[in-house]
Amino acid sequence: MNVAVLSEKSSIEGNERILDLSSRNLFVGLMSGTSLDGIDAVLVEICGTTEDDFSWKQVAFTSRPYDKEYRSQLYRAIEQGTPELLCQLNTSLGEQFGSAVCELCGSVGVEPSELRAVGSHGQTFWHIPPSDVYRGSTLQLGDPATLAECTGATVISDFRSRDMAVGGQGAPLVSWPDLLMFTSADRYRALQNLGGMANVTWLPRKGSEENLVAFDTGPGVSLINEATRRATNFKEDFDRDGTLASQGSVNEHILSYLMDDPFLKIPPPKSTGRERFGSHLIDRIIERFEPERNGVSWQDLIATLTVFTARTISQAYRSWVIPKGLDEIFLLGGGVHNSSLFKAIKEELQVVSVRHGSELGIDPDAREALAFAVLAWGYLNGLETNIPFATGGSGGRILGSMTPGLVR
């Protein structure tokens with residue numbers, strides 16, 4: 001596991017402070033996303049008790065990949081998991097998360113039990129957005145009790161459920177931390193995450209009374225990854241640097257079929273997941289278009305899925321983001337490493353500056369893990385951390401549930 005340790009000075013806007021590890025204002029944020037590639041873990045110092053005196057400093061960050069066998073178990077559990085397999089994975093994910101926390105803290109000489117808290121999103125296995133007939137529900141695994149026992153730290157988890165209990169989407173959850181950490185004084189910004197699913201946070205200028213906008217735009221790398229797994233007989237889990245997409249040509253018939261998905265036309269608030277943009281959609285494409293029989297190669301399909309992802313983002317921006325004013329877009333998440341996807345998004349959004357998330361002063365892979373560290377801080381300080389205007393919830397709520405750490 002490679003750990004990136006940041007220097008003591010930060011150049012992030014409005015965040016220049018000296019790190020003091022003895023302050024014990026230390027949090028770890030954990031994220032295992034719908035791309036199923038592994039665990040992102042970040043150690044961050046957070047000071048203050050309100051939104052007004054909030055300040056933060058990233059200390060160290062790591063991405064800990066799952067091995068192939070374990071990743072296959074996760075895929076199998078999502079696609080056809082039995083209660084027995086889900087039960088087993090709940091505990092083993094807790095152990096995996098605990099190991100990631102211990103290794104990260106050990107890299108900078110911090111005892112995990114000294115953390116204020118660990119904010120753990122868990123691994124999403126299924127997400128049902130609310131509808132006219134159903135309130136909606138969500139399932140994240142990664143047993144917080146196991147995580148607390150492995151680390152000795154207090155764990156804040158289960159962030160989505162409370163917002164969904166009041167009619168919200170339970171997503172995106174990163175919008176409140178984004179508002180605290182990345183708002184600009186003079187520019188309208190959009191932060192576009194490219195995980196398994198893709199989501200945007202539009203940030204008004206600092207001090208503005210405009211409402212933040214945040215929602216899932218559609219697939220991120222989920223469809224690209226699934227097609228890549230099949231194209232390589234499951235030897236590769238993602239299109240490394242977009243190489244396969246660069247070797248193919250876009251099939252306009254398949255692209256048109258994909259762009260007819262009703263989700264893309266629904267105005268925010270909205271959220272989605274693998275239940276819509278996952279392996280079952282690849283199955284339907286193969287059944288409907290018979291790609292091999294009609295001369296469509298796997299490279300063509302991956303190129304088409306790459307442009308589809310970019311176009312869903314572009315369509316969402318033109319409908320609900322750009323009209324509010326937009327100066328710059330920052331791409332974050334694992335998808336930023338796919339140069340074909342990055343290029344396709346820039347081509348689709350030529351009217352706006354599209355920038356690499358590292359220009360915000362953070363590792364683009366760390367953004368969501370950072371958000372869950374901040375959400376844990378918000379929980380401990382009794383702050384409402386959902387944004388009802390973004391999630392559709394009927395009111396503000398303190399998100400998360402606490403599992404106490406070991407008594408020191």
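Student: Which side chain of opposite charge is nearest to Arg160, and how far away is it?

Tutor: Happy to look at that one in this predicted model, where local features need pLDDT of at least 70, side-chain atom pairs count only at pLDDT 80 or more, and totals for chains, interfaces and linings use all residues. Residues are numbered from 1 along each chain as its sequence is written, and side-chain values use heavy atoms, leaving out hydrogens and water. Arg160 is buried (under 20% relative accessible area, 1.4 Å probe, protein chains only) and has no salt bridge (a Lys or Arg side-chain nitrogen within 4 Å of a carboxyl oxygen of Asp or Glu). With Lys and Arg counted as positive, Asp and Glu as negative, and His and the chain ends not counted, the nearest is Asp216, 6.3 Å away.

Student: Which side chain makes a polar contact with the side chain of Arg160?

Tutor: Arg160 lies in helix H4, residues 160-165 (helices are DSSP runs of H or I, at least four residues; strands are E, at least two). Its side chain makes a polar contact (N or O atoms within 3.5 Å, one able to donate a hydrogen and the other to accept it; sequence neighbours count only if both atoms are side-chain atoms). At 3.0 Å, the partner is His127.

Student: Which element gives the largest share of the largest nonpolar core?

Tutor: That core (buried Ala, Val, Leu, Ile, Met, Phe, Trp, Tyr and Cys joined through side-chain atoms within 4.5 Å) has 36 residues. Elements supplying at least two residues each include strand E2, helix H5 and helix H12. The largest share, 8 residues, comes from H12.

Definitions and conventions: Buried < 20%, exposed > 50% of the residue type's maximum accessible area, 1.4 Å probe, protein only.
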